[in-house]
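User: Could you take a close look at one part of this protein, the sheet that seems most worth a bench person's time? I'd like one connected walk-through, including what lies around it.

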Amino acid sequence: MIKIKVVNKGHQQLPAYATPQSAGMDLRANIDEPVVLHPMERRLFKTGLFIALPEGYEAQIRPRSGLALKHGITVLNTPGTIDADYRGEVGVCLINLSQDDFVVNDGERIAQMVIARHEQGDFVVVEELDETERGAGGYGHTGLK
């Protein structure tokens with residue numbers, strides 16, 4: 001388990017894993033009063049958290065499946081990426097894809113954060129790429145089954 005430095009300027013508990021094998025930690029809205037998210041409205045919600053990830057890691061901000069299924073609430077730029085050198089407040093951009101208003105309350109679990117290792121790539125310009133069985137087949141190329 002890696003160590004992540006955190007400053008909590010909000011009034012919510014720190015994110016934690018719900019079970020020993022959970023991949024994500026729930027992030028909570030850190031707001032002064034309930035906020036109504038209207039259909040097709042998007043809004044940035046602050047968490048009060050500031051983190052410092054080790055080099056080679058990112059934090060991915062992802063939707064909570066229950067909010068998505070039950071209420072049509074999702075993270076707009078999913079997964080959102082927090083880079084290791086970012087030191088600003090962690091925010092969550094939510095959108096309401098339902099036809100009903102949704103009220104976000106203080107302390108509500110609004111997203112999950114997954115800590116992931118990553119690599120950086122270095123492009124090498126070549127004249128052509130090697131052939132594969134798939135080739136240039138794109139969207140829908142592999143069929144329906």
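Analyst: What follows starts with one sheet and then works outward to the core, the other sheet and a few loops.

Before we dig in, a word on the ground rules. This is a predicted model, where local features need pLDDT of at least 70 and side-chain atom pairs count only at pLDDT 80 or more, while totals for chains, interfaces and linings use all residues. Residues are numbered from 1 along each chain as its sequence is written, and side-chain values rest on heavy atoms, with hydrogens and water left out.

The sheet I'd pick is open and has four strands in the order 2-10-5-7, with antiparallel pairing. Strands here are DSSP runs of E of at least two residues, numbered from the N terminus, and two of them pair if DSSP finds at least two bridges between them. Which strands sit at the edges of this sheet? Strand 2 and strand 7 (80-82) do, each with a single partner strand, so each has one side left without a neighbour in the sheet.

Let's go across it, beginning with strand 2, which covers residues 24-28. Five bridges tie strand 2 to strand 10, and the two run antiparallel. If you want a spot to click on, Asp26 stands opposite Gln112 in strand 10. Is strand 2 mostly enclosed or mostly open to the outside? Four of its five residues are buried, so strand 2 is largely enclosed by the rest of the structure. (Buried means under 20% relative accessible area, exposed means over 50%, and partly exposed is in between, with a 1.4 Å probe and protein chains only.)

Strand 10 takes in residues 109-117. Besides strand 2, strand 10 pairs with strand 5 in the antiparallel sense, this time over six bridges. In that pairing, Gln60 has Val114 of strand 10 as its bridge partner.

Next comes strand 5, which runs over residues 57-62. It's mostly covered, with five of its six residues buried. Strand 5 also pairs with strand 7, antiparallel again, over three bridges. There, the bridge partner of Ile61 is Gly80 in strand 7.

Just before you reach strand 7 there's a backbone detail to look at. The peptide bond joining Thr78 and Pro79 is cis, with omega at about -10 degrees. Pro79 belongs to the loop between strand 6 and strand 7.

Now for what this sheet packs into. The largest nonpolar core holds 27 residues, and those touching the most other members are Leu53, Ile61, Val92, Leu94, Val104, Ile110 and Met113. A core of this kind is a set of buried Ala, Val, Leu, Ile, Met, Phe, Trp, Tyr and Cys residues joined through side-chain atoms within 4.5 Å. Several elements give two or more residues to it, including strand 2, strand 5 and strand 10 from our sheet, along with strand 4 (42-52), strand 6 and strand 8. Which element gives the most to this core? That's strand 10, with four residues.

Leu53 deserves a closer look. Leaving out residues up to four places away in sequence, Leu53 touches Ile4, Glu58, Ala59, Ile82, Asp83, Ala84, Arg87 and Ile115, where contact means heavy atoms within 4.5 Å.

The neighbouring topic is the other sheet. It's also open, with four strands in the order 1-4-8-6 and antiparallel pairing. Strand 1 (5-8) and strand 6 (73-75) are the edge strands, each with a single partner strand, so one side of each lacks a neighbour in the sheet. Strand 6 is joined to strand 8 (residues 89-96) by three bridges, and they run antiparallel. Val75 has Leu94 of strand 8 as its bridge partner, and Leu94 is one of the core residues listed above.

Two loop residues round off the tour. Met40 lies in the loop between strand 3 and strand 4. Its phi is near 65 degrees, a positive value in a residue other than glycine. At 52% relative accessibility, Met40 counts as exposed. Gly10 is in the loop between strand 1 and strand 2, and it's partly exposed at 22% relative accessible area. Not counting residues up to four places away in sequence, Gly10 touches Asn30 and Gly48. To tie this loop back to strand 10, check Arg109: its C-alpha atom is 14 Å from that of Gly10, although 99 residues separate the two along the chain.
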